[in-house]
Amino acid sequence: MYGYLGIDVGSVSTNLVFMGEDGTVKHSIYLRTRGKPIEAVQRGLKMLKEALPPQTKITGVGTTGSGRHLAGVITGADIIKNEITTHAIAASNVVPGVQTILEIGGQDSKIIILRNGVVADFAMNTVCAAGTGSFLDQQAARLNIDIEEFGPLALRSRVPVQIAGRCAVFAESDMIHKQQMGYNVEDILAGLCDALVRNYLNNVGKGKEILPPVVFQGGVAANVGMKRAFEKALDMEIHVPPYFNVMGALGAAMLAREATSRKNTGFRGFGIVDRDFYAGGFACDGCPNVCEVVEITESGRVIARWGDRCGRWSGLLEQKEKIS
Amino acid sequence: MSLKVGIPRALLYYYYFPQWAAFFNHLGVQVVVSRETTRGLLEKGLRSTVDEACLPVKLAVGHVLDLRDRVDYIFLPRLVSMARREYICPKFLGFPDMVRNTIDGIGPLIDCNLDLYRKNSSQYDFFYAVGKMFTRNPVKIRRAYHASLEALRRHCLAMESGALAGETAPETTPAHQNRTGEARAGDVNVAVIGHPYNLYDRFISMNLIKRLKENGANVLTAEQLPEQMARREAQRLPKKLFWTLNQRMIGAAYHYFERPDVHGVIHVASFGCGPDSMTGELIERYARKWSRKPLLILTLDEHTGEAGMVTRLEAFLDMVRWRRNLADAAAATTTKIIAKKAEETTGAPDTSTGVFAAK
């Protein structure tokens, strides 16, 4: 079997997708990054290798997400692409004619507007991470419920509580207050969903023309409470595609197919699972900028460096993909 | 030994440095420019400035500190107005006082007023007041003043021919040849609209211009337009915008939205800048209403995490290219249709259109 590998290394989750020649998902893996992106990629590849038939050949690799450069260096990716483009590519292939993509991940949220199959506008959350997956995780943990139960519980609410969603810190104190007043958990959760959706539409979605079909993807799309809150706020049907939580990886795999149409893949093989990678860093003392240089070593050999403004260190290595 | 005047590499340095430098050189005064922004320099500025100030002002304080012990005077003109019935941001106006009151042991400042708000006001009064501090010979001042005007004229011409202010500013003679040829090496043209002191400061803008060029984009800026043109374009606003710098940005943005060879516009604002937040909104509204060109709004702050900016820039360029290719494809099919129609009507294939369509 031949196919393409897409890897999305995000702040919270690391996702892998193995896509067949025909563009269908053959296998997908959703892992927690747990702050160790290299390990997560290796773990994911190991699981993928075990899940796929032994003769499977990877004919192209694409990486995306905030850890895309790291994952790209380790795997020998054919294409390293930002997460906005990959999400747009995946959604427009899975849901033809999509005009709006709402994406909420672990640490960031974005909105992508497409018109006639082409990205027309996009926005990402700025400094505020209110309403992203990690905040929902945190609140679920504080209320002592599993994140998987969050959505179904919120759906059971009859009278959602009004919660201040402007800022995650205020939302939390507001929730605690409401708990102390005796409101039940379902209503608080539903109120939280409403507040976060409101916050999302006011910040990320500010001034954007949201037209149907609307696709909701990213890890938070698993939360049916959030989906319903969006439906309520927008008064539109919201599609959650089947592979909503690995759409970035799927888009990367699609781009890898395009990138390898005229050349062979640079994939370094599943052998990298057992190799020793180490990401270290040091502060350069060349000038008062004191850049923090990141250094990726494989069995003691430096394979990549980045983070320096002047190119003093990254320029020392001959690289195919220049990371600046 | 000649006197040394320090000019901070901040704020309107990027507009007027060639003019100021020429003036001082003609008076026989040595000009010292503060070093390029580094993290250490910015941190010094942040520590010594009131919290309410915007990032460019904090940075400018850092540059003043960099000059403190190296020069006899620091040149901090009080820029009130650079054109009739217009103003420069009030933070510039109060900048010399801010410096005097927050920095201990600051040497003498040259903070003469430059105010062209009223009719019949002239830059000469300002330069005369500055010149008087170094010479008693009015003829010498007059000559230096004319030399400064000539330097400014050449600087503006160099920028209009495609040079970027950051590139011409450090030299007093900005005669860059072949700049236009080199500037058009990329495959997309992106207009970058923002204050020069944000754009051309490589640290603050996180090398925005260089990054764009490395990713195959040609960069166009507001400074490359003749001043009159930017002013004329800005007249589309229902009321005159009285901030000179932002009026220029708006005018340039309108111009680039209309220009067919520009594929996308990036607006760079600094966090905490009042006028920027308003121009950003005006540009965004215009873009939504009248233009189909992609617009990206970037807000710069004192953080040094580049990942967020890199992701947005990459996605923006992807979007720009994607849409351009689509437009090109659409244009190609229309020309084919036109050629075909011409063929049908004339009976014989028109070779000239045929060749054009084949391209």
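Which side chain does a polar contact of 3.1 Å join to that of N15(A)? In this predicted model, the partner is S13(A), whose side chain makes the 3.1 Å polar contact with the side chain of N15(A). N15(A) belongs to strand β2 of chain A, which covers residues 13-20. A second polar contact of the N15(A) side chain is directed at the backbone, where the oxygen of N245(A) is reached at 3.0 Å. With a relative accessible area of 3%, N15(A) is buried, because this value is under the 20% limit. Apart from neighbours within four places in sequence, the residues in contact with N15(A) are G6(A), I7(A), D8(A), I29(A), Y30(A), L31(A), N245(A), V246(A) and A249(A). N245(A) thus appears both in this list and as the residue whose backbone oxygen is reached by the N15(A) side chain.

One of the contacts of N15(A) is L31(A), a residue of strand β3 of chain A, which spans residues 25-32. L31(A) is also buried, at a relative accessible area of 9%. Its contacts, again without neighbours within four places in sequence, are V12(A), S13(A), T14(A), N15(A), A40(A), R43(A), G44(A) and M47(A). For one of these residues, T14(A), the C-alpha atom lies 5.1 Å from that of L31(A), although 17 residues separate the two in sequence. S13(A), which is in contact with L31(A), is also the side-chain partner of N15(A) in the 3.1 Å polar contact.

Another pair in chain A gives a further distance. V159(A) and L143(A) are 16 residues apart in sequence, and their C-alpha atoms are 19 Å apart in space. V159(A) is located in the loop that runs between α5 and α6 (168-181) of chain A. Its relative accessibility of 59% places V159(A) among the exposed residues, because the limit for that class is over 50%.

Helix α5 of chain A (residues 147-155) packs against helix α8 of chain A (residues 224-234), with an angle of about 45° and 6 Å between the axes. At this angle, α5(A) is oblique to α8(A). On the side of α5(A), the contact involves G151(A), P152(A), A154(A) and L155(A), and these meet V224(A), G225(A) and R228(A) of α8(A). By residue class, the contact of α5(A) with α8(A) consists of four nonpolar, two polar and one charged.

A helix pair in chain B was also examined. Here α3(B) and helix α5 of chain B (residues 95-102) pack with their axes 11 Å apart, at an angle of about 60°. The two helices, α3(B) and α5(B), are therefore oblique to each other, and the crossing of α3(B) past α5(B) is right-handed. V57(B), A60(B), V61(B) and V64(B) supply the contact from α3(B), while F95(B), M98(B) and V99(B) supply it from α5(B). Seven nonpolar residues make up this contact of α3(B) with α5(B), with no polar and no charged residues.

D66(B) also lies in helix α3 of chain B, which comprises residues 55-67. The relative accessibility of D66(B) is 11%, so the residue counts as buried. A polar atom of the D66(B) side chain is 2.9 Å from the backbone nitrogen of R35(B). Leaving out neighbours within four places in sequence, D66(B) is in contact with S34(B), R35(B) and L41(B). R35(B) is therefore listed among these contacts, which are defined by heavy atoms within 4.5 Å.

Several loops of chain A contain backbone features of note. In the loop between α4 (133-142) and α5 of chain A, N144(A) has a positive phi of about 65° and is not a glycine. N144(A) counts as exposed, at 72% relative accessibility. S299(A), another residue other than glycine, has a positive phi near 45°. The position of S299(A) is in the loop between β12 (292-298) and β13 (301-306) of chain A, and S299(A) is exposed as well, with 55% relative accessibility. A cis peptide bond links P212(A) to P213(A), with omega near -5°. P213(A) is placed in the loop between α7 (185-203) and β9 (214-217) of chain A.

Terms used: Residues numbered from 1 in each chain as written. Chains lettered and ligands numbered in written order. Predicted model: local features only at pLDDT ≥ 70, side-chain atom pairs only at ≥ 80, totals over all residues. Heavy atoms only, no water. Helix = DSSP H or I, 4+ residues; strand = E, 2+ residues; numbered from the N terminus. Buried < 20%, exposed > 50% of the residue type's maximum accessible area, 1.4 Å probe, protein only. Polar contact = N/O pair within 3.5 Å; in protein donor to acceptor, adjacent residues only side chain to side chain. Axes fitted to C-alpha atoms, helices over the stretch in contact; angles between N-to-C directions. Parallel < 35°, antiparallel > 145°, perpendicular 65-115°, else oblique. Left-handed = near helix turned anticlockwise from the far one by under 90°. Nonpolar A, V, L, I, M, F, W, Y, C, P; charged D, E, K, R; others polar.
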